[in-house]
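Trainee: Please take one part of this model and look at it closely with me, then follow its contacts outward as far as they lead. I would like the cut-offs behind each term as you go.

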Amino acid sequence: MDLDPRLSQLHGWIREVFGDVQYTLEPASEDASFRRYFRVLSDHWRYIAVDAPPEKESNEAFVEVTHLLEAEGLPVPHIHYSLLDSGYFLLDDFGNTLFLDILDTENVDRLYGNALDALTVMQQIPANSLPRYSQELLLQEMELFQQWFLGKLLDKKLSESTEKMLHNVFAQLKQNALVQPQVFVHRDYHSRNLMKIDANWPGIIDYQDAVCGPVTYDAVSLLRDCYIQWSPDRVKAWALEYKERLMETNMACDVSDETFLKWFDLMGIQRHLKAIGIFARLSLRDKKTGYLKDIPRTLGYVKSVAPNYPETQKLAEFISDEVSFQL
């Protein structure tokens, strides 16, 4: 009995592509989705093999977005070979060095500066062909916090008034996202999806869920990363530097610093509520418990930012009074 038929099929396809060539196949990274990545090594070449089950992954979108990013000269893994209907790809191998592995207080300004430069280019790509970051999707993401984190992980029973409060806060956060300039959004632009390569810009991966959405989304994903944390003053300075970059490229961000920071902060709360829900779901449904350790940091962002705005003060009070999570 074949315990891993997709892996067997991947081996068969690699042999079809290259013939009778000796190679090794080893796991390259873990992923929060159903995708798997393998490093394919031989005496003649090396690739990253992607196993992306077509019934569960957006493979057509992956190909489309790859081409959009490549057309702007952004460093993404080139698709050398693909079997789209089966969900197999052979891509450039960018190595093993994630930003998360090397970021420190000495290099973070340079590495984040490079990442924000690349993001500025990315956000100028016409996004008309991409799905819209709709109000339905924004709300659906925040509801993961209520369903999977509060309801299932913490087993918390919410009162009617609390449910109404969350509904109202979610509506305010949704509106904050929709009033911003809508641009190309990577949607997971953070230290685990940026790689140190031999280029000024980072290698960019995991972009297949790109959408047309709020201008601050990717910036807050990077600067208030769920996997690594920096001081609030430093994050604020980076955010305003990014606003200046956008202004220099004539993007529609001619607003006050106060307005831009509010967009940024409330967008971060939306994303962090979503991420907390996803981390809980990954643990409970998919048995990927390693993400639980990232919940306290991510929840901490919400605790620190939410009290600063009338739209989210009641959420801050609820979390402060009734929500705690420790491993």
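Mentor: Happily; let's begin with the naming: helices (H or I, at least four residues) and strands (E, at least two) are DSSP runs, numbered from the N terminus. The model is predicted, so to speak of local features we need pLDDT of at least 70, side-chain atom pairs count only at pLDDT 80 or more, and totals for chains, interfaces and linings use all residues. Residues are numbered from 1 along each chain as its sequence is written, and side-chain values use heavy atoms, leaving out hydrogens and water.

Now for the end of helix H9 and what follows. Lys-287 sits in the loop between H9 and H10. Its phi is positive, about 60 degrees, although Lys-287 is not a glycine. Lys-287 is exposed, because its relative accessible area is 64% (exposed is over 50%, buried under 20%, partly exposed in between, with a 1.4 Å probe and protein chains only). Ser-283, by contrast, belongs to helix H9 itself. With a relative accessible area of 9%, Ser-283 is buried.

Ser-283 also takes us to another stretch of the chain. Trp-148 is 135 residues away from Ser-283 along the chain, but 9.8 Å separate their C-alpha atoms. A little further on comes Asp-155, in the loop between helix H5 (135-153) and helix H6 (160-179). Like Lys-287, Asp-155 has a positive phi in a residue other than glycine: the value for Asp-155 is near 55 degrees, and for Lys-287 it is about 60 degrees. Those two loop residues are worth a look in your backbone torsion plot.

Next, a second long-range approach. Pro-202 lies in the loop between strand E7 (194-195) and strand E8 (203-204). A relative accessible area of 2% makes Pro-202 buried. Its C-alpha is 6.2 Å from that of Ala-115, although the two residues are 87 apart in sequence.

Ala-115 is one of the buried residues of H4, so let's follow that helix. H4 covers residues 108-122, 15 residues in total, and spans 20 Å from its first C-alpha to its last. That is close to the 21 Å expected at 1.5 Å a residue, where the expected span is 1.5 Å times one less than the number of residues. Mostly covered, H4 has 11 of its 15 residues buried. Among them are Val-108 and Leu-111 at the start of the list, then Tyr-112, Gly-113 and Leu-116, and later Ala-118, Leu-119, Thr-120, Val-121 and Met-122.

Finally, the aromatic side chains. A pair of rings is described by the distance of the centres and the angle of the planes. Across the whole structure a search finds 17 aromatic pairs, counting rings of Phe, Tyr and Trp (its six-membered ring) with centres within 6.5 Å; planes under 30 degrees apart are stacked, over 60 edge-to-face, the rest tilted. Phe-18 and Trp-45 are a stacked pair, because their ring centres are 4.0 Å apart and their planes lie at 25 degrees. This pair joins distant parts of the chain, 27 residues apart: Phe-18 is in helix H1 (residues 5-18), and Trp-45 in the loop between strand E2 (36-41) and strand E3 (46-51). Phe-18 and Trp-45 are both buried. Ring pairs also bring in Tyr-47 and Tyr-81, which form a cluster with Phe-18 and Trp-45.
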